[in-house]
Amino acid sequence: MRTAYCGQLSATDVGRNVKLAGWVNRRRDLGKLTFVDLRDHTGLVQLLFGDDRNDLLDAHTLNREDVLLVEGTIQRRSAGNLNLEMKTGEIEVRVERMSIANRSKTPPFLVEGDGADATEETRLRYRYVDLRRERLQNALRMRHRTFKATRDFFSNRGFVEIETPVLTKSTPEGARDFLVPSRMHRGTFYALPQSPQLFKQLLMVGGIDRYFQLVKCFRDEDLRADRQPEFTQLDVEVSFPSSPEEIYALIEAAVAHIYREVLGVELSLPFPRLTHAEAMRRFGIDKPDMRFGMEILDVSAIVRHSGFRVFAEAVASGGSVAGILAKGYASASRATLNQLQAVVVAAGAKGLSWVKVEDPIVSPIAKFLTAEEMAALVAAFGAERGDLLLLLAGQGIAKPLGELRLTVARQRSLAVSGWKFLWVTDFPLFELDEEGNLASAHHAFTSLRPEDIEKIETDPLNIPSYAYDLVLNGTELGSGSIRIHSRELQERIFRRLGITPEDADLRFGWFLQGLEYGAPPHGGFALGMDRLVMIMAGEASLRDVIAFPKTANGMCPLTDAPMAASPKQLAELGIRVEDAR
């Protein structure tokens with residue numbers, strides 16, 4: 001049907017006879033001439049229809065998104081008809097034959113442009129039209145190249161890609177499982193995997209040694225711009241790693257290969273590293289955006305005896321006073337400062353104190369501090385005239401300070417362009433959940449240093465683990481760890497998490513048994529491919545790099561999924577659904 005693609009034609013093809021196929025992007029009628037921009041996945045080319053052939057009169061009836069098959073000769077455009085902003089703007093195809101392969105209804109939005117003329121729900125409902133947009137086409141083709149580069153990298157290094165089960169057993173991964181009822185075993189349920197964690201560990205027990213998989217995973221959790229209920233991750237596991245450093249080097253090399261092959265960018269290796277404790281102390285978050293500074297500074301020693309009771313009492317009660325320096329932001333309005341106050345209060349702080357470094361100092365707390373204390377504060381931050389100090393006091397202020405730092409950076413567009421990768425290492429083994437119960441900071445299969453094993457029962461919240469995250473521009477790309485390969489230690493961790501031996505055997509007996517048959521030391525990593533492509537493509541949402549995504553509430557406007565099951569289906573499964581209202 002075609003001998004060339006629209007966007008690949010150029011002035012070197014003048015005089016060539018071609019057959020093209022594609023969609024009508026736009027039609028312009030100019031008296032005896034009709035111009036049509038024909039589009040395929042490579043781009044646009046202008047078609048010229050004259051009135052010297054009766055069988056071409058249908059060109060006047062063409063509408064946007066009609067599907068055309070045309071044959072014609074490439075010619076140069078006239079001098080006044082050049083379009084240098086268009087890749088094929090020097091040429092046009094004078095059409096000699098045309099066939100309308102299919103007519104299109106008026107599309108619900110324009111294919112050209114950024115899709116701003118339609119809501120996201122409309123774009124997803126008519127995703128087959130939305131997919132024709134150049135921006136989305138480019139993102140999906142970048143996704144393909146990224147996946148290919150990933151497979152090439154690991155295949156060339158002796159890794160074996162192995163598929164793990166999609167219908168499996170529920171395991172604690174930090175989010176709710178999607179459950180699938182079994183018809184043949186009524187009253188029982190499979191779970192869709194949140195990750196292939198236990199299977200990939202058993203592959204190491206099975207002697208596979210070096211495994212990878214581009215795998216679909218599922219989590220029934222509240223969605224955000226960087227989350228979907230089903231997502232794709234790169235899953236990697238290796239036996240006998242000398243240390244976490246071996247995993248870091250492997251993943252760094254893989255990411256560098258992807259950037260080189262897909263974007264033509266050379267990354268600087270190795271990536272910087274911060275321990276979890278240092279990241280929280282300096283940035284108030286375990287995935288700091290390193291594209292800008294504004295590090296948190298503790299100034300408790302300066303104000304511990306000040307006349308400002310909020311500061312003095314915070315330090316006396318075991319808390320701290322700390323803040324950030326916003327360079328050149330003394331111009332912030334009262335409304336802006338009130339917005340920042342709302343941010344820190346929502347994050348758990350009691351309030352925000354601020355100091356505008358001007359001559360004289362402008363601050364609601366200035367009257368409570370001596371001139372020496374105020375001068376010491378300004379000097380500690382290295383502040384200059386025109387700067388703004390933002391201070392919090394109390395216990396647990398790291399997270400509010402982290403939110404404050406990110407908010408100021410967004411307000412002031414401080415994030416420079418580029419790729420700022422960071423390893424965050426030595427995550428705590430345990431943390432407290434929202435109910436105050438002990439929980440795994442990463443997951444229950446993460447190992448720890450031998451010298452810390454005895455702290456499991458006595459001091460669980462002060463145990464660093466062999467867990468690590470890879471962060472890019474403030475987004476967590478993935479996480480990994482060195483795993484537990486001893487059944488005894490694994491059961492000990494389960495007990496500390498409140499999982500009884502009976503429950504552990506019921507849920508994990510098959511895995512625990514595998515650890516008794518010569519499980520080697522092993523470790524690995526899981527990298528979120530959707531997030532990686534999103535950042536590489538410069539998009540703000542995962543939905544713009546996935547062909548058929550869900551909305552923020554987990555719906556699919558295209559198919560209207562999820563939907564109610566029929567009474568017959570429910571009867572076969574032995575399930576009764578209560579009125580959801």
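**View 1. Strands 4 and 5 meet at the pair Q75 and E92.** In this predicted model, the bridge partner of Q75 is E92, a residue of strand 5. The two residues belong to a pairing of strand 4 with strand 5 (residues 91-102), which is antiparallel and extends over 10 bridges.

**View 2. Strand 4 also pairs with strand 1.** Move to G22, and you will find its bridge partner in strand 4: L68. Strand 1 (residues 17-30) and strand 4 (residues 67-76) run antiparallel and are joined by 7 bridges. Strand 4 is thus worth following from one view to the next, with bridges to strand 1 and to strand 5.

**View 3. Helix 6 has a buried side and a side turned away from it.** Here we look at helix 6, which spans residues 276-283 and has H276, A279, R282 and F283 as buried residues. Seen down the helix axis, these buried residues line one face, because they fall within an arc of 140 degrees. What do the buried residues of helix 6 pack against? Their packing partners are strand 11 (273-275), helix 11 (398-412) and strand 16 (421-425). On the face turned away from the buried side sit A277 and R281, both exposed. Just after the helix comes G284, whose phi is positive, at about 70 degrees.

**View 4. L527 is a buried residue of strand 21.** Strand 21 covers residues 522-528 and includes L527. Is L527 buried or exposed? With a relative accessible area of 1%, L527 falls under the 20% cut-off and so counts as buried. Setting aside neighbours within four places in sequence, its contacts are T232, Q233, L234, V255, L470, L477, G478 and L532. For a sense of distance, try K169 as a second reference point: 358 residues separate L527 and K169 along the chain, and their C-alpha atoms are 22 Å apart.

**View 5. Y126, Y128, F548 and L558 form a nonpolar surface patch.** Our last stop is at the surface, where these four residues make a patch of about 380 Å². One of them, L558, sits in the loop that runs between helix 15 (529-536) and helix 16 (567-573). Why does L558 count as partly exposed? Its relative accessible area is 31%, and partly exposed covers the range between under 20% (buried) and over 50% (exposed).

Methods
Residues are numbered from 1 along each chain as its sequence is written. This is a predicted model: local features need pLDDT of at least 70, side-chain atom pairs count only at pLDDT 80 or more; totals for chains, interfaces and linings use all residues. Side-chain values use heavy atoms; hydrogens and water are left out. Patches are made of residues with over 30% relative accessible area and no salt bridge: like charges are joined within 9 Å, nonpolar side chains (Val, Leu, Ile, Met, Phe, Trp, Tyr) within 5 Å. Accessible areas come from the Shrake-Rupley method with a 1.4 Å probe; for residues, only the protein chains shown count as cover. A salt bridge is a side-chain nitrogen of Lys or Arg within 4 Å of a carboxyl oxygen of Asp or Glu. Helices (H or I, at least four residues) and strands (E, at least two) are DSSP runs, numbered from the N terminus. Buried means under 20% relative accessible area, exposed over 50%, partly exposed in between (1.4 Å probe, protein chains only). Two strands pair if DSSP finds at least two bridges between them. The arc is that of the directions from the helix axis to the C-beta atoms. Contact means heavy atoms within 4.5 Å.
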